[in-house]
Amino acid sequence: MNAENISTAMAAKRICKSGPPMAKTPGKFNCLVIGDFISKGYTPWLARNLSETFQIQHSPWGDYGGGALDTKYGLQCLEVFLSTVMLEPIFPDVIVFNFGLHDLNYDGKWPEEYTTPVEYEKNLRTIKLLLLSTGAKVGFLLTTPVPYEDALDDRIRMYNRIATHVMKEQPTVETADLYDWVIVGCERNCFEFDKDLRPHFTNEGYKYISAKVKQLILSLTKGYYSNRHKEEIDTAQQLNVFNLQWSPRKPSVRCKDAFGQVVKVCPHNSTCFDVWSSTGQGCCLLPHAISCGNGMHCCPADYRCDENCASRKKCLLEKLMTL
């Protein structure tokens with residue numbers, strides 16, 4: 001009899017970043033922006049310009065890169081994104097969201113983000129229906145262009161056509177065309193928006209984009225609240241929130257900092273890990289998981305992280321087999 005180590009490999013799971021810090025501000029309508037780093041860039045302008053009547057928060061929360069990333073990651077972490085850092089339901093009145101740029105793996109650095117057109121359509125449809133089931137008014141934002149890189153820009157337009165089709169299906173979701181909005185702005189002075197010729201924008205660029213997003217938010221809420229009491233809406237939303245895969249009634253996992261203070265709460269059967277987030281903690285949706293040490297990936301218990309994979313982590317399980 002001979003013994004040999006046999007390795008079983010699987011893709012590492014991505015750690016979910018934190019949702020926003022606040023559940024609701026009394027007397028204001030609760031608006032949640034879900035998206036990548038571009039949406040993170042224009043959210044402060046929205047918060048400033050709509051501050052009298054809206055509480056505006058971005059999910060995931062914090063300045064770490066990528067935001068909600070691709071639709072696969074969005075589906076995996078959606079329950080976390082719809083909860084506060086302490087796992088309290090947010091019950092948003094309005095949700096505006098975007099996925100697309102990271103589904104294209106736009107910079108070629110993160111192949112795990114790439115989503116085929118067929119998979120993108122399927123994932124986006126599921127996310128749309130889950131967000132609608134919260135009872136919130138939901139709007140979608142088309143991906144902004146990269147006009148100086150023709151091949152990538154062609155793919156962006158293709159994924160925008162897919163997204164437009166999904167949003168027009170019943171039940172319909174109102175869409176804001178940020179692609180054409182930026183093209184119009186670029187005709188005036190594109191370098192004012194994007195001095196480094198990257199998919200991201202300058203502060204002035206984000207300010208310009210926020211004006212179109214503001215139009216969508218106001219359109220979604222026009223007449224919706226005029227003849228109804230806010231308390232009645234809040235009660236209806238609490239009854240309509242979708243059935244989470246995890247249950248608030250199950251024991252949650254408390255994440256503590258170096259001083260022993262609870263800085264975040266994760267769903268049942270999760271593991272807390274250091275991550276690029278506002279609290280320094282994120283949720284791996286696996287019990288007793290193993291960290292890959294990069295703030296982004298985790299592996300199931302008994303596995304180890306393959307150190308040779310930088311951008312697409314793998315989990316290895318080595319077993320001693322008798323041959």
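**Figure 1. Antiparallel pairing of strand 12 with strand 13.** In this predicted model, strand 12 and strand 13 (residues 297-299) are joined in the antiparallel sense over two bridges. Ser 291 has Cys 298, in strand 13, as its bridge partner. The pair belongs to an open sheet of three strands, ordered 2-13-12, with antiparallel pairing. Strand 2 and strand 12 (290-291) occupy the edges and have a single partner strand each, so one side of each is left without a neighbour in the sheet.

**Figure 2. The salt bridge between Arg 14 and Asp 70.** Arg 14 and Asp 70 form a salt bridge in which the closest N and O atoms are 2.7 Å apart. Arg 14 belongs to strand 2 (residues 13-14), whereas Asp 70 is found in the loop between strand 4 (54-59) and helix 2 (71-81); the pair therefore ties together parts that are 56 residues apart in sequence. Both partners, Arg 14 and Asp 70, are buried. Strand 2, which carries Arg 14, is also an edge strand of the sheet shown in the preceding figure.

**Figure 3. The salt bridge between Arg 125 and Glu 121 in helix 3.** The closest N and O atoms of the salt bridge between Arg 125 and Glu 121 lie 2.8 Å apart. Both residues belong to helix 3 (residues 117-132), and because they are four residues apart, about one helical turn separates them. An α-helix has 3.6 residues a turn, so residues three or four places apart point the same way. Arg 125 counts as partly exposed, at 25% relative accessibility. Glu 121 also has a relative accessibility of 25% and counts as partly exposed; the class of partly exposed residues runs from 20% to 50%.

**Figure 4. The salt bridge between Arg 157 and Asp 154 in helix 4.** Arg 157 and Asp 154 form a salt bridge with a distance of 2.2 Å between the closest N and O atoms. The two residues are three residues apart in helix 4 (residues 150-168), which means that about one helical turn separates them. Arg 157 is partly exposed at 35% relative accessibility, and Asp 154 is partly exposed with a relative accessible area of 40%. Elsewhere, salt bridges that share partners connect Arg 14, Asp 70 and Lys 72 in one network. In total, the structure holds seven salt bridges.

**Figure 5. Start, kink and buried residues of helix 1.** At the start of helix 1, a side-chain oxygen of Asp 36 comes to within 3.0 Å of the backbone nitrogen of Ile 38. Helix 1 (residues 37-49) has a kink of about 30 degrees at Thr 43, shortly before the proline Pro 44. The buried residues of this helix include Ile 38 and Thr 43. Also among them are Ser 39, Lys 40, Gly 41, Tyr 42, Trp 45 and Leu 46.

**Figure 6. The protein as the setting for the close-up views.** The protein contains seven helices and 15 strands. Of its 323 residues, 50% count as buried. Among contacts with a separation of 6 or more, 69% are between residues 24 or more positions apart. The protein exposes about 15,600 Å², of which carbon and sulfur atoms supply 53%.

Terms used:
Residues numbered from 1 in each chain as written. Predicted model: local features only at pLDDT ≥ 70, side-chain atom pairs only at ≥ 80, totals over all residues. Heavy atoms only, no water. Salt bridge = Lys/Arg side-chain N within 4 Å of Asp/Glu carboxyl O. Buried < 20%, exposed > 50% of the residue type's maximum accessible area, 1.4 Å probe, protein only. Contact = heavy atoms within 4.5 Å. Areas by Shrake-Rupley, 256 points an atom, 1.4 Å probe, with all protein chains shown as cover. Pairing = 2+ DSSP bridges. Bend = angle between axes of the 7 residues up to and from the residue. Polar contact = N/O pair within 3.5 Å; in protein donor to acceptor, adjacent residues only side chain to side chain.
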